[in-house]
Amino acid sequence: MAERESDALLILAAAADRHLAGRWWRPAHGPVDPRPVDPPAHACEDLGLRIAAAYERAAGPPDRVTLAGYRLLKAENLALYHAAVRAGVRVVPWRGHGQPYADSADLRERVRRTGTLAVYLTRDGHGPGPATDPHPMREPSPVTVDGVDFTHNDVFRAVHDLFGHVLLGASFGPGGEFRATWCHLGMYPPEAHQVLFAEQIGQICWFFYGPHLLGPDGRPRRPGDPGYLPPSRRPYPEQKVVRLDDHLFEEFRTLFHRGETA
């Protein structure tokens, strides 16, 4: 089994390398760091609270730069998806009840063992508002699997799980999601970074640190606190077409630069 798991990781790593080698923006962007560590929990929480508050306040309508960033994000997601599939990874829609994986360890073990990723479809779980609300990521993509038409958000979920959680071994917690997104930034052109940051970090921070989860002291409620909601009972954030403040993005980047020099 260890050999099969190693083969699955090698397939994903080789797919990422081949994809990035041919991207027009790659020479100016620098190398992808494949093994950063999770930022400290207190740093994730301190920054996450401010990102969650900013995401809560963020409103449209989007400007042309934001919409251009989404077009680029969708195109690169499709390119990464096809790179993984061409390399031999199978992506299928999840048709069962609830989530397809118990946790990030279950996701990694099963994809490594089987070479197949099950995608929890956007139509089955998304933020408030109908799935037909206008949003670039909820538009139909060219991908159809087993008779199911994937939205661009479904494609993004597949790419994030494969290259963020399976390849990197990142967890579903704040630190792991921060690390997965940091590494993901190196797989996209700079013009898409801000919308990727909003889609991933803005939404995950709202999920873990949103105002509905805070106690009277302004900090997240912990297990055992009155009003604490376990992740399985939390709502998804609203999916917004926004970019967050530049200083939040730069502080996010600093978390990993700090880790490199610690």
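1. Let's start with the pocket. The largest one in this predicted model has a volume of about 1,100 Å³. Its lining counts 34 residues, and the ones closest to the pocket centre are Gln-99, Phe-172, Glu-177, Ile-204 and Tyr-236.

2. What is the lining made of? By residue class, the lining of the largest pocket splits into 15 nonpolar, 12 polar and 7 charged residues. As for where they come from, strand E2 (116-119), helix H6 and helix H8 (193-209) each put in at least two residues.

3. H6 is worth a look for its own sake. The helix covers residues 152-166, and its 15 residues should span 21 Å at 1.5 Å a residue, because the expected span uses one less than the number of residues. The C-alpha atoms at its two ends sit 20 Å apart, which agrees with that.

4. Is H6 mostly buried or exposed? Mostly covered: 14 of the 15 residues in H6 are buried.

5. Now the start of that helix. Thr-151 caps the N-terminal end of H6, with a side-chain oxygen 3.2 Å from the backbone nitrogen of Asn-153. Thr-151 also has a role in strand pairing: in E4, this residue is the bridge partner of Pro-140.

6. That brings us to the hairpin. Strands E3 (residues 140-145) and E4 (residues 148-151) pair in the antiparallel sense, over 3 bridges. There are 2 residues between the two strands, and Asp-146, in the turn, has a positive phi of about 50 degrees.

Methods
Residues are numbered from 1 along each chain as its sequence is written. This is a predicted model: local features need pLDDT of at least 70, side-chain atom pairs count only at pLDDT 80 or more; totals for chains, interfaces and linings use all residues. Side-chain values use heavy atoms; hydrogens and water are left out. Helices (H or I, at least four residues) and strands (E, at least two) are DSSP runs, numbered from the N terminus. Buried means under 20% relative accessible area, exposed over 50%, partly exposed in between (1.4 Å probe, protein chains only). A polar contact is a pair of N or O atoms within 3.5 Å; within protein, one must be able to donate a hydrogen and the other to accept it, and residues adjacent in sequence count only if both atoms are side-chain atoms. On a 1 Å grid over the protein atoms alone, a cavity is a set of points where a 1.4 Å probe fits but cannot get out, and a pocket is an open set with protein on both sides within 12 Å along at least five of seven lines; lining residues have an atom within 4 Å of a point. Grid points are joined across faces, edges and corners, and a volume is the space filled by probe spheres set on the points. Ala, Val, Leu, Ile, Met, Phe, Trp, Tyr, Cys and Pro count as nonpolar, Asp, Glu, Lys and Arg as charged, and the others, Gly among them, as polar. Two strands pair if DSSP finds at least two bridges between them.
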